[in-house]
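Me: I'd like to go through a structure step by step. Please keep the answers short and finish each one with the value or name I ask for.

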Amino acid sequence: MNKEKKNQNAFGMIGLGTMGSNLLQNIADHGYSCAGYDIDSKKVDILNQLNRDSIQGFSDMNDFVKSLNSPRIVMMLVPAGKIVDGVIEELIKVLDKEDIIIDGGNSHFIDTDRHFLDLEKKGYHFIGMGVSGGEEGARRGPSMMPGGDKKAYKVVEPILKKIAAHVDSEPTVAYMGARSAGHFVKMVHNGIEYALMQLISETYEVLKNGLKLKDNEIHEVFEKWNEGRLKSYLLEITRDIFAYKYKGAKHLLLNDIKDEAKAKGTGKWTSQAAMDLNLPIPIIDIAVSMRDLSKYKDLRTKASQIYPNPKDSVYSVSSEKYIASLEEAFYFAMVSAYAQGMHLLYRANKEYKYGLNLDLIAKIWRGGCIIRSGFLEAIYTAYKKNSKLKHLFLDNDIHDSLVKSIPGIRTIVSDAARHGIAVPAFSASLGYFDNFRSEKMPANLIQAQRDYFGSHTYELRGKEGVFHTEWEETNN
Ligand code: 6PG
């Protein structure tokens, strides 16, 4: 079964968890002989028990490395942070210069920059690669966002192209750009993922607690939406979640699940990176904050006892008509969530000189990844038409569809506010839009206030320079 093979394997994987093991099987399916290594011998046994001639599991790092042909291609799929640091340290003791190391996990882009520079100095080739698609994606075709050493990418490209998902016969993988570009793009992907998941959850809130729809009716709404312009992987799985019952149970499994959401941190990193670049992505920020708020169950429970719902918390509208407005609102907010993510990529590209192509990013997100959706085709078209597009809202076609959905978002946000239904991400999408379309914002007052209390100075319209006023004295 586990025959000794030296210098024969084309690809090595470190980390045989769900993602590592499935990706390795995917690579083997495409005719490559593969080696897997894990510190946990049980995971190695599970891999070897697959009994596949083209897959060998190892619990000894030296044997694992010896089994690979040169230049060796070794991918890590291990938890981000210290574990990645440790594995790289171990690896370079046993690899040769010219070998290729790929970090396929959700590493923070700052760590990836550090790894890239360090390994480059030492003569190794390093690729930081975002991999999206979860377990099923890894097994049947993920979307992959590699960045870093371009020459090394060219060596692994044929394998990655084969194992990726395909849209219109084109693989959902492409070289993103320099250094940490791949992990930066994947981080923003996850930020958008957080925003879309929050918007879907708020939709659920309006349907369940505003319109008082039953679970099967909510299932039908998501089913219908998923057949139209909102078609997306996340709505597809939501539709299925609203149909899932334990065997013999009368109610949905969903209703037994705690309302406290966990997060591994990529959403928070997106918000932090955006703040560092002074680039607003409020829907993503809100999505991160609301996951955090969900964890304060005790506080929320106490507050719910002293701040009851408004008397008219149930909507008195015709559900059918209202759901059409909700669909418009969802479309509006979804466009805004992608637009904010793309804007962040645009800004980061300028700052970090990654060499990103936004059209290519939209192109490889159309399949395999968690945020894949019909709308990504429109994003791809917009950036293909104009690679210098500064913001998606400025694209003509997107403008036209966005304008049509404004009545919907205004209805949903204002009704929710009146009825005490929380839709912070929908609200953020509208607030962002209303400021984005304002030639004049009230920020002149903020300038005046800063100067008043801190002599921070202000700038004047139509006049060069900065100015300061002794505000208390000038009040004649
Ligand atoms: C993907 C997912 C994947 C992971 C999320 C979960 O693209 O396949 O984004 O990377 O499931 O990172 O993230 P949270 O634990 O932060 O929700």
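Me: Where is asparagine 106 found?

Reply: Start with the elements: helices (H or I, at least four residues) and strands (E, at least two) are DSSP runs, numbered from the N terminus. Asparagine 106 is in neither kind of run, but in a loop. The loop is the one between β5 (100–103) and α5.

Me: What kind of model is this, and how are its residues numbered?

Reply: This is a predicted model, in which local features need pLDDT of at least 70, side-chain atom pairs count only at pLDDT 80 or more, and totals for chains, interfaces and linings use all residues. Side-chain values use heavy atoms, without hydrogens and water, and residues are numbered from 1 along each chain as its sequence is written.

Me: Is asparagine 106 buried, partly exposed or exposed?

Reply: Buried means under 20% relative accessible area, exposed over 50%, and partly exposed in between (1.4 Å probe, protein chains only). Asparagine 106 has a relative accessible area of 30%. That value lies between the two cut-offs, so asparagine 106 is partly exposed.

Me: What distance separates the C-alpha atoms of asparagine 106 and proline 310?

Reply: Along the chain, asparagine 106 and proline 310 are 204 residues apart. In space, their C-alpha atoms are separated by 42 Å.

Me: Into which domains is the chain divided?

Reply: The bounds come from an automatic or database domain assignment. Taken over C-alpha atoms, the centres of domain 2 and domain 3 are 38 Å apart. The chain is divided into domain 1 (11–179), domain 2 (186–436) and domain 3 (440–476).

Me: Between which domains does the ligand lie?

Reply: Look at which domains give residues to the shell around the ligand. Two do, so the ligand lies between them. They are domain 1 (11–179) and domain 2 (186–436).

Me: Which residues come nearest to the ligand?

Reply: A residue is near a molecule or strand if one of its heavy atoms lies within 4 Å of it. There are 15 residues around the ligand. Helix α8 (residues 181–210) gives the largest share of this shell, 5 residues. Those that come nearest are Ser132, Glu193, Tyr194, Lys264 and Arg291.

Me: How many residues of the shell are nonpolar, polar and charged?

Reply: Ala, Val, Leu, Ile, Met, Phe, Trp, Tyr, Cys and Pro count as nonpolar, Asp, Glu, Lys and Arg as charged, and the others, Gly among them, as polar. By that rule, the shell has 3 nonpolar, 8 polar and 4 charged residues.

Me: How far is an oxygen atom of the ligand from an N or O atom in the side chain of serine 132?

Reply: A polar contact is a pair of N or O atoms within 3.5 Å; within protein, one must be able to donate a hydrogen and the other to accept it, and residues adjacent in sequence count only if both atoms are side-chain atoms. A ligand oxygen is 2.7 Å from a side-chain N or O atom of arginine 291. Another pair, a ligand oxygen and a polar backbone atom of glycine 133, is 2.9 Å apart. For the side chain of serine 132, the distance is 2.4 Å.

Me: What percentage of the ligand's accessible area does the protein cover?

Reply: Accessible areas come from the Shrake-Rupley method with a 1.4 Å probe; for residues, only the protein chains shown count as cover. On its own, the ligand has 410 Å² of accessible area. The protein covers 80%.

Me: What does helix α14 reach from its first C-alpha to its last?

Reply: The expected span of a helix is 1.5 Å times one less than its number of residues. Helix α14 (residues 319–352) has 34 residues, 24 of them buried, and 50 Å is expected. Close to that, α14 reaches 48 Å.

Me: Which residue follows α14 and has a positive phi?

Reply: Most residues other than glycine have a negative phi, and most peptide bonds are trans. The residue after α14 has a phi near 50°. This residue is lysine 353.

Me: Is the peptide bond from serine 70 to proline 71 cis or trans?

Reply: Proline 71 lies in the loop between α3 (61–66) and β4 (73–76). Omega of the bond from serine 70 is near -10°. The bond is cis.

Me: What is the relative accessible area of aspartate 168?

Reply: Aspartate 168 sits in the loop between β8 (166–167) and β9 (170–171). Its phi is positive, near 50°. Aspartate 168 is exposed, at 59%.
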